[in-house]
Structure formats: C-alpha cells, structure tokens
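Colleague: I should like to learn how helix packing, aromatic pairs and burial are read from a model. Could you please take me through them one by one?

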Amino acid sequence: MEADNIKQIVDQFQIPTDLDFRLIMPTLMVALTGIFALLMQVVQKKRDNRPIIFISLLGLIFSAVSIVWQFGLEDKSAFAGMVMRDQFTLVTHLILVFACAMTIVFSEGYLREKRIAFSEFYPLVTWATCGAMIMVSTNNLLVMFLGLEMLSIALYVLAGMSRSEQRSEESALKYFLLGAFASAFFLYGIAFFFGTTGSLDLTAMSAAYANTSQSGQVMALFGVMMLLIGLAFKSGLVPFHQWTPDVYQGAPTNVTAFMAVGSKVAAIAALFRLFQEIRPMADILLPPLMVIAGLTMIVGNVVALLQKDIKRVLGYSSIAHAGYLLTGLLANYVAPDKASPYTTLYFLVSYAFVTLGAFSLLSLIAKDGKEITKVDELRGLYRRSPFAAIALLLFMVSLIGIPPTAGFVGKFKIFQDALAADLAPLAIILAISSVVSVYYYLVIAHKAFVEEDNERPVLILTKPVMIASVICMAGVVLAGVFASPVISWLSNDRVESRGNRH
C-alpha cells in the first residue's frame, strides 16, 4: 500500500515528455549571459566593465541568432504547454533582445559620467530582459507572473541605481510600491481565473466561460479584470499611469530607455495573449477598454504639453503610445479577420527604434555626476553637435508620424485597423491626439535647431552613442520606406521549406 501511494505521488510529478529546448534556448541564453556577466566581476580589473559588456553583447547576439533561426518553424508548445513558439513570440523576443543590446551599447559612458558605473547593471538588465521574454512566450498565468516579477524586481533595482540622487531613490520606491500593488492585482486575478477554470492556462477560459453558471461567469469576469489591471499598470494605461513620468524622470536615462521599451513590449504582448482567449467577454469588456484607450491617448498627449523636463515629455509620450497600441489590440480583439495583430507588432518595432535612439542621445547630457534634463538644455544643440540634433529631429518626426518614417506607417496602420473594426471613436481620437502631439515634439526640435545658447559647451558624441543612434535611425527610415516587406516578414509564421522541421 505504501509503495502504491509513493507511485501515485511520483506519477503526479512526472517530468513532461514534450521537452523541446529550442523553444527556451533564446531565453536560456539571456539568463546564462546574466550569470556569466555577474561571475565576470570576480576576475575583472577594478572599474573596467569592458569584459562584462563583451560577454553580455555576445550572449545577446547568440540569443538573437537562435530566435531568427526559428523563424518560419511551425507553431509549437512544450514543457507541458507552459512554453510556446509562434511568430508573435519570436518577434517580441527579438525586440526585447535588441532593446537590451542597444541599452548596453550606450550605457557605459553614461554610467561613468553619472559616477554610477556599477558592473551589476549589466546582469540586471539581461535578467530583466529574460523576465520579459518569459512573459511573452507563455499562456500559463503562473509562468507569466514569474516573468513579470523577474522583470519588475530587476527594474526596481535599476531605477534606484543613482543612490546619491534623492530623485532616483524616490522613483525606485514609487515604482516598487505601485508595482507591488499591480502584481497583487495580477496574482488575485490568477486565483479567480483558477477558481473558474480549474486551470492556469489562458486557453481554458473560453470553454469554461461558456459552460459555467452565471455566478461562475461573474467570477471569471472579475478575475480577468484583475489581470487587466496588473498589465495596464505595466503598460502605462490611464488611470494606472501615474508612476510613468516620475519614474522616467528619476531613473538613470539608460534604465529609462530599457524600461520604456522592455516593460511595454512585455505588457502589450501579455495583453495580446489575454485578449485572444477572452473573446466571449467582448460585449462586456470592450466599452471600458475603449474608454481606457481613448483617455490614455488624450491624457498622454495633453499633459505632455505642460512638461518642462524632456524625460517627463517622453514619459507622457510613452503613455500616449500605450493608448495607440491598445487601440491596435482592441481592433484585433473585436475583428481578428479584419485587423492583424502584426500591425501592433510593427508599431512596437518602430517605437523601440525611436525610443532607444532618443534616450541614447539624451544620455549625452550627463556630465561630472550631474544630469539636467530640462528641455532648455537642448538649446543650440545643432551648433554643439549637428549629428545629435539631426538624429533627434528624425526621432521626433517619427513620433509625430510624418512619412516616410516607421512612426507614420505604424499610426496609419492602427488607424486603418480601428476603422475596419468599427472602432471609429478610437480612430478619431488617435488622429486628433496625434495632431496635438505635434506641438511638444516641435518644441524639442525648435530648441535644438532655432534657439541659440553660446554658454553651453560643445557636446562630445561618443562612439557607442553614435553606433546606437545610427542603428536606430536606419531602423526608423528603412522600416518606414520598406513597410510592406517588413510587415510581411513579421507576419510570416511559416516557411514551406522549413515547415516540416520539428
């Protein structure tokens, strides 16, 4: 009898037979890169982070190669369904790895000017990337929560790296406290989800919601709303956006750059996964979600008009972009046959190029341990550094949405999808709020090109910043000019010549 009991216990914890390590290889490489970077501190020379940077970039390159190699392979899940591979996963993984690599490229000079050249920055940013990659590659809510916490905890530490600045410490504390509440909402939603479906897999929701009683449907709806609140916080959606401008302003600029891209990509991808499985709730959830998307676009763009700090301006711009992204997701949510999810992916790609490029240039403002990020600091930028001024202008043009940049194509595609999905109010708000945003983006360009300030010294453009900004500039232009092939490549989830490989 005792042997039978032991056998039953062992059977309950059997190792899954559907192990396919190719699915987790990109994420595993990023995690191991962080470990090797941390161990490298033991043998590195004092205050020489070059070996750590080399190891970090090498590991990210290997991860990117393993992602691209899987493009065109068939959709697949493994590890008892906890890890999945589809085109959406692969593209978001590639964006996250790219964001991490670009952040590492321009960070060292900035960290030394800020006098916070702590070598632990590099493993922390790679582990944050790993957490984001876990979030976007699963339908299992518990695994998604683990990825969310891995991302969040690393960002809490990174936001407070500038320990000598009260503003940095305050931003880290605010981010930690509000993030803890958001995580609690998400975990509470998981509990209600499990209570309704008896499963932690998002794919169980549709059938459970259709077959349960009215009280069960109420519980399922409540659980989904808690999940949405948790992800809305990470996305920076109104009214869960209050942390965004404060944390963006207080955190080191390189951390803000990664946070603006990595956290948003992970949250938007998780929202996409959730929306795919809660279509039966569309009649109930769509009206409040439309209100949230509309308010996010309006608040982000209108309040940005009042800001005098450029990091706060970009913070509110990030909030507005969260509204654009939610509009694209909602279009696919209500009309998947008319609105493609790859429109949102394309917008994320263009957003990543612009955001990383803009913040890489802002990192040049740091000098002798200080960093003044007032918009007025950009006065006379064209005289002090013509390349930086031209690059910043290009990024602002893309954020406005002027052709032929990727920003224009992304907004136009989401506008089209919103109209196709009969979400005309959101399409109108998107168009009007984009016009409003022109003012504060042009203020930045005006400061850089028109206003003069002979007292400010020449801005020395470092090679790492130039490399990062050139790559991002090329991405903004090429993704805009060749938008159709780029979108086709993003959405190509199967290549026939490789489709039979397992």
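Modeller: Certainly. This is a predicted model, and we may begin with one pair of helices. The axes of α13 and helix α17 (residues 406-420) come within 9 Å of each other and cross at roughly 40 degrees.

Colleague: How is such a pair to be described in general, and which term applies to α13 and α17?

Modeller: Two packed helices are described by the angle between their axes and by the distance between those axes. In the present case the angle makes α13 oblique to α17, and the crossing of the two is left-handed. On the α13 side the contact is made by Tyr324, Thr327, Gly328 and Ala331, and on the α17 side by Lys411, Ile414, Asp417 and Ala418. Sorted by class, the contact of α13 with α17 has four nonpolar, two polar and two charged residues.

Colleague: At what angle do helix α12 and helix α13 pack?

Modeller: Helix α12 (residues 282-304) packs on helix α13 (residues 310-334) at an angle of about 155 degrees, and their axes are 8 Å apart. Angles over 145 degrees count as roughly antiparallel, and α12 and α13 are therefore roughly antiparallel to each other. The residues of the contact of α12 with α13 divide into 21 nonpolar, five polar and no charged. As for handedness, α12 passes α13 in a left-handed crossing.

Colleague: Where do the axes of α6 and α11 stand by the same reading?

Modeller: The axes of helix α6 (residues 141-159) and α11 come within 11 Å, crossing at roughly 165 degrees. That angle makes α6 roughly antiparallel to α11, and α6 passes α11 in a left-handed crossing. From α6, Met144, Leu151, Leu155, Leu158 and Ala159 take part; they meet Val255, Phe258, Met259, Ser263, Ala266 and Ala270 in α11. Ten residues of the contact of α6 with α11 are nonpolar, one is polar and none is charged.

Colleague: Let us turn to aromatic rings. How many aromatic pairs does the structure hold, and how should one be read?

Modeller: A pair of aromatic rings is described by the distance of the centres and the angle of the planes. The structure holds 20 aromatic pairs. In one of them, the rings of Phe88 and Phe272 have centres 4.0 Å apart and planes at 15 degrees, so this pair is stacked. Phe88 belongs to helix α4 (residues 87-113) and Phe272 to helix α11 (residues 253-277), so the pair ties together parts that are 184 residues apart in sequence.

Colleague: Are Phe88 and Phe272 buried or exposed, and which residues do ring pairs link into a cluster?

Modeller: Both Phe88 and Phe272 are buried. The cluster linked by ring pairs consists of Tyr156, Tyr175, Phe176, Phe233, Trp243 and Tyr248.

Colleague: How is burial read for a single residue, for instance Thr27?

Modeller: One consults the relative accessible area, for which buried means under 20%. Thr27, found in helix α2, has a relative accessible area of 10% and is therefore buried. Leaving aside residues up to four places away in sequence, Thr27 touches His93, Cys130, Met133 and Ile134.

Colleague: What is the relative accessible area of Leu32?

Modeller: Leu32 lies in helix α2 (residues 25-43). Leu32 has a relative accessible area of 37% and is therefore partly exposed. The C-alpha atoms of Leu32 and Thr126 are separated by 9.1 Å, while the two residues are 94 residues apart along the chain.

Note on methods
Residues numbered from 1 in each chain as written. Predicted model: local features only at pLDDT ≥ 70, side-chain atom pairs only at ≥ 80, totals over all residues. Heavy atoms only, no water. Phe/Tyr/Trp six-rings, centres within 6.5 Å; stacked < 30°, edge-to-face > 60°. Helix = DSSP H or I, 4+ residues; strand = E, 2+ residues; numbered from the N terminus. Buried < 20%, exposed > 50% of the residue type's maximum accessible area, 1.4 Å probe, protein only. Axes fitted to C-alpha atoms, helices over the stretch in contact; angles between N-to-C directions. Parallel < 35°, antiparallel > 145°, perpendicular 65-115°, else oblique. Left-handed = near helix turned anticlockwise from the far one by under 90°. Nonpolar A, V, L, I, M, F, W, Y, C, P; charged D, E, K, R; others polar. Contact = heavy atoms within 4.5 Å.
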